[in-house]
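Biologist: I would like to learn how to read features such as burial, helix packing and backbone angles from a model. Could we go through them slowly?

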Amino acid sequence: MTVSTEVRDNGVAVVTMNAPPVNALTVRGWFDVADAVTAAGRDQAVRVVVLRAEGRGFNAGVDIKEMQNTEGFDALIGANRGCFAAFKAVYECEVPVIAAVNGFCLGGGVGLVGNADIVIASDDAFFGVPEVKQGALGAATHMARLVPQHLMRTLYFTARTIPAADLVTHGSVVEVVPRDRLDRAALALAAEVADKDPRVIRAAKAALNGIDPIDVNKSYRFEQGFTFELNLSGVSDELRDSFVGTDKAGK
């Protein structure tokens, strides 16, 4: 199972991604995340969601092997729609979403975290958007919610990563803790939110989204348009083939 949900007695829903070896999600996996987060938010017994992952890292983005081993553009279209659905579900979840990030958080992982309400990370966590190396664009919308504009552009154009500790200085990660304490710290933070009147918290989530200066859904969709152009030109297949050792571009 790629995604599972556990609802605790205090109203904390823990949504866990588990797609070995690196939590690079298939098309189905992205929609599973979207469905799990949406369902948790609609459950009136839930007061806050913790989005976490098992394994070596939080999320390595889309499953490029699936994309390169699928004829035509079905996997590309599916991944784009799945990522859009998952990011949108996190942003529009009816209760706050806390992202508990361990290890690597890359590409689509940044999309999830950038749309979360609160981010806590382990001391080995790092973030990046390596899309340009695979002939894609996307998640600049969400990285821009984690770092200032010029730093976002530097990370985007160079495909560099940034450690969680640096994001604390930018105010986007609330705390960095040892990896073996991450779940405990995330649940403690969630308990603080869950302790509040859920009617107020749900209203607050809607209010904060309503005054957000950026429409993250439209912004990300705009980015995806350029990804489709790069795919139609053949550039993306060449770069993805080089990354995973396939030959889709040559077929």
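Modeller: Let us begin with burial, keeping in mind that this model is predicted. A residue counts as buried when its relative accessible area is under 20%, and Gly 82, with a relative accessible area of 0%, is therefore buried. Gly 82 is found in helix H3, and, leaving aside its neighbours within four places in sequence, Gly 82 is in contact with Trp 30 and Phe 31.

Biologist: Which other residues of H3 are buried?

Modeller: Among the buried residues of H3 are Ala 75, Leu 76, Gly 78, Ala 79 and Asn 80, and further along the helix they include Cys 83, Ala 86, Phe 87, Ala 89, Val 90 and Tyr 91. As for its length, H3 has 19 residues and reaches 26 Å from its first C-alpha to its last, which is close to the 27 Å expected at 1.5 Å a residue.

Biologist: Is Gly 55 buried, partly exposed or exposed?

Modeller: Gly 55 has a relative accessible area of 45%, so it counts as partly exposed. Gly 55 is found in the loop between strand E3 (48-53) and helix H2 (64-68), where, if we set aside neighbours within four places in sequence, it is in contact with Asn 102 and Arg 179. A strand can hold a partly exposed residue as well: Glu 175, in strand E9 (residues 175-177), counts as partly exposed at 37% relative accessibility. Not counting residues up to four places away in sequence, Glu 175 touches Val 119, Ile 120, Ala 121 and Val 168. The C-alpha atoms of Glu 175 and Asp 123 are 52 residues apart along the chain and are separated by 9.3 Å.

Biologist: How should I read the two sides of a helix, and which residues of H9 are buried?

Modeller: The general idea is that an α-helix has 3.6 residues a turn, so residues three or four places apart point the same way. In H9 the buried residues are Ile 201, Arg 202 and Lys 205. They cover an arc of only 100° around the axis, which puts them on the same side of H9. On the other side of H9, Arg 199, Val 200 and Gly 210 are exposed.

Biologist: What covers the buried residues of H9, and what span should this helix have?

Modeller: The cover includes helix H1 (27-42), helix H3 (74-92) and helix H8 (182-194). For the span, the 13 residues of H9 (residues 198-210) should cover 18 Å at 1.5 Å a residue, and the end C-alpha atoms are 18 Å apart, which agrees.

Biologist: How do I describe two helices that pack together, and at what angle do H3 and H10 pack?

Modeller: One looks at the angle and at the distance between the axes. H3 and helix H10 (residues 216-232) pack at an angle of about 165°, with their axes 11 Å apart. Angles over 145 degrees count as roughly antiparallel, and that makes H3 roughly antiparallel to H10. H3 passes H10 in a right-handed crossing, and the residues that meet include Leu 76, Phe 84 and Phe 87 in H3 with Tyr 220, Gln 224 and Phe 228 in H10.

Biologist: Where does H10 meet H11, and how are these two helices oriented?

Modeller: Thr 227, Leu 230 and Asn 231 in H10 meet Val 235, Ser 236 and Arg 240 in H11. The angle between H10 and helix H11 (residues 235-244) is about 85°, with axes 4 Å apart, and the two helices are therefore roughly perpendicular to each other.

Biologist: Finally, what should I look for in the backbone?

Modeller: Most residues other than glycine have a negative phi, and most peptide bonds are trans. Here, the peptide bond from Pro 20 to Pro 21 is cis, with omega near 5°, and Pro 21 lies in the loop between strand E2 (12-17) and H1. Asn 23 is also found in the loop between E2 and H1, and Asn 23 has a positive phi of about 55° although it is not a glycine. At 2% relative accessibility, Asn 23 counts as buried.

Biologist: Where does Ala 139 lie, and what is its phi?

Modeller: Ala 139 lies in the loop between strand E7 (126-128) and helix H5 (140-143), and its phi is positive, about 75°, although it is not a glycine. With a relative accessible area of 2%, Ala 139 is buried.

Terms used. Residues numbered from 1 in each chain as written. Predicted model: local features only at pLDDT ≥ 70, side-chain atom pairs only at ≥ 80, totals over all residues. Heavy atoms only, no water. Expected span 1.5 Å × (residues − 1). Buried < 20%, exposed > 50% of the residue type's maximum accessible area, 1.4 Å probe, protein only. Arc of directions from axis to C-beta. Contact = heavy atoms within 4.5 Å. Axes fitted to C-alpha atoms, helices over the stretch in contact; angles between N-to-C directions. Parallel < 35°, antiparallel > 145°, perpendicular 65-115°, else oblique. Left-handed = near helix turned anticlockwise from the far one by under 90°.
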